[in-house]
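The following note sets out points on the structure for a colleague at the bench. It proceeds by element and by residue, with side-chain pairing first.

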Amino acid sequence: MTKATTPDNEARRRWLAVLARASRPELEKARLFLEELPPLAHVRPAEAGMVMLRGRIGGTGDAFNLGEASVTRCAIRVGSGALGVGYALGRDRRKVELMAVFDALLQDSQWHADIMRRVVEPLARQQAAQQDAAGRAAAASKVEFFTFVRGQA
């Protein structure tokens, strides 16, 4: 395990990935169960920008610029606690604000278990089911091709 990959970082990486894959309506619905929150301080207000996407020839070869994509980011401090961040493809500012709030609260032991149980785990199960269904649909359309050599039957 590298210095940058600690168990805490790995857990945070997982919940941020789940939050990033969630839609804004899903995050808005999840936000409803949070009653009174400590004051929110926008350390970095939600802002959209561009990133260069890089690819590799054959997955491991030389790198090349594939194109650009819109990305929105935000950083919010909840009360005097941890700093939460949100990064997502696209230009949905509200989505990354909600991600940042959930990220900050997930770093607080008072909120962590409840948010994991009521928000992150249900979203992760839903996303896994959607990915499984898409994989099954793709597998159902798989076509096998056979080549016969002349003279063989």
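1. The model is a predicted one. E97 has a relative accessible area of 22%, and it is therefore classed as partly exposed, since that class lies between the buried limit of under 20% and the exposed limit of over 50%. The salt-bridge partner of E97 is R94, with 3.8 Å between the closest N and O atoms. Both R94 and E97 belong to helix α3, where they are three residues apart, or about one turn of the helix.

2. R94 also meets E28 in a salt bridge, at 2.9 Å from N to O. This pair links distant parts of the chain, for E28 is in helix α2 and R94 is in helix α3, 66 residues apart. R94 is partly exposed at 32% relative accessibility, and E28 is likewise partly exposed, at 27%. E28, R94 and E97 are thus linked in a network of salt bridges. As background, side chains of opposite charge can pair when their charged atoms come close.

3. In helix α4, a salt bridge joins R136 to D132, with the closest N and O atoms 3.0 Å apart. R136 and D132 are four residues apart in α4, about one turn of the helix. How exposed is R136, and how exposed is D132? R136 is exposed, with a relative accessible area of 58%, whereas D132 is partly exposed at 41%. The model contains ten salt bridges by the rule applied.

4. Is helix α3 largely enclosed or largely open? Of its 14 residues, eleven are buried, so α3 is largely enclosed by the rest of the structure. The buried residues include K95, V96, L98, M99 and A100, and the list continues with V101, F102, D103, A104, L105 and L106. The elements that cover these buried residues include the helices α1 (7-21), α2 (24-31) and α4 (109-140). The strands β1, β2 and β3 (83-89) are also among the covering elements.

5. The length of α3 can be checked against its residue count. At 1.5 Å a residue, its 14 residues should span 20 Å. The C-alpha atoms at its ends are 20 Å apart, which agrees with that expectation.

6. D103 merits a separate comment. The residue is located in helix α3 (residues 93-106). Its relative accessibility is 0%, so D103 counts as buried, the limit being under 20%. Leaving aside residues up to four places away in sequence, D103 touches R12, W15, L16 and L19, together with L83, G84 and V85.

7. The strands β1 and β2 are paired antiparallel, over 14 bridges. Two of the partnerships may be located by residue: L53 is bridged to G67 in β2, and L40 is bridged to V78 in β2. The two strands form a hairpin with six residues between them. Within the turn, G58 has a positive phi of about 70°.

8. Strand β2 also pairs with β3, in the antiparallel sense, through seven bridges. A75 stands opposite V85 in β3, and V85 is also one of the residues touched by D103 of α3. What lies between β2 and β3 in the chain? The two strands form a hairpin with four residues between them, and G79 in the turn has a positive phi of about 60°.

9. A nonpolar patch of about 430 Å² lies on the surface. The residues that make it are V51, L53, I57, F64 and L66. Strands β1 (40-56) and β2 (63-78) each supply at least two residues of the patch. One member, L53, lies in strand β1 and is partly exposed because its relative accessible area is 34%, between the limits of 20% and 50%. In general, the side chains of a regular strand alternate between the two faces of the sheet.

Conventions:
Residues numbered from 1 in each chain as written. Predicted model: local features only at pLDDT ≥ 70, side-chain atom pairs only at ≥ 80, totals over all residues. Heavy atoms only, no water. Patch = residues over 30% accessible without salt bridge, like charges linked within 9 Å, V, L, I, M, F, W, Y side chains within 5 Å. Areas by Shrake-Rupley, 256 points an atom, 1.4 Å probe, with all protein chains shown as cover. Salt bridge = Lys/Arg side-chain N within 4 Å of Asp/Glu carboxyl O. Buried < 20%, exposed > 50% of the residue type's maximum accessible area, 1.4 Å probe, protein only. Contact = heavy atoms within 4.5 Å. Pairing = 2+ DSSP bridges. Expected span 1.5 Å × (residues − 1).
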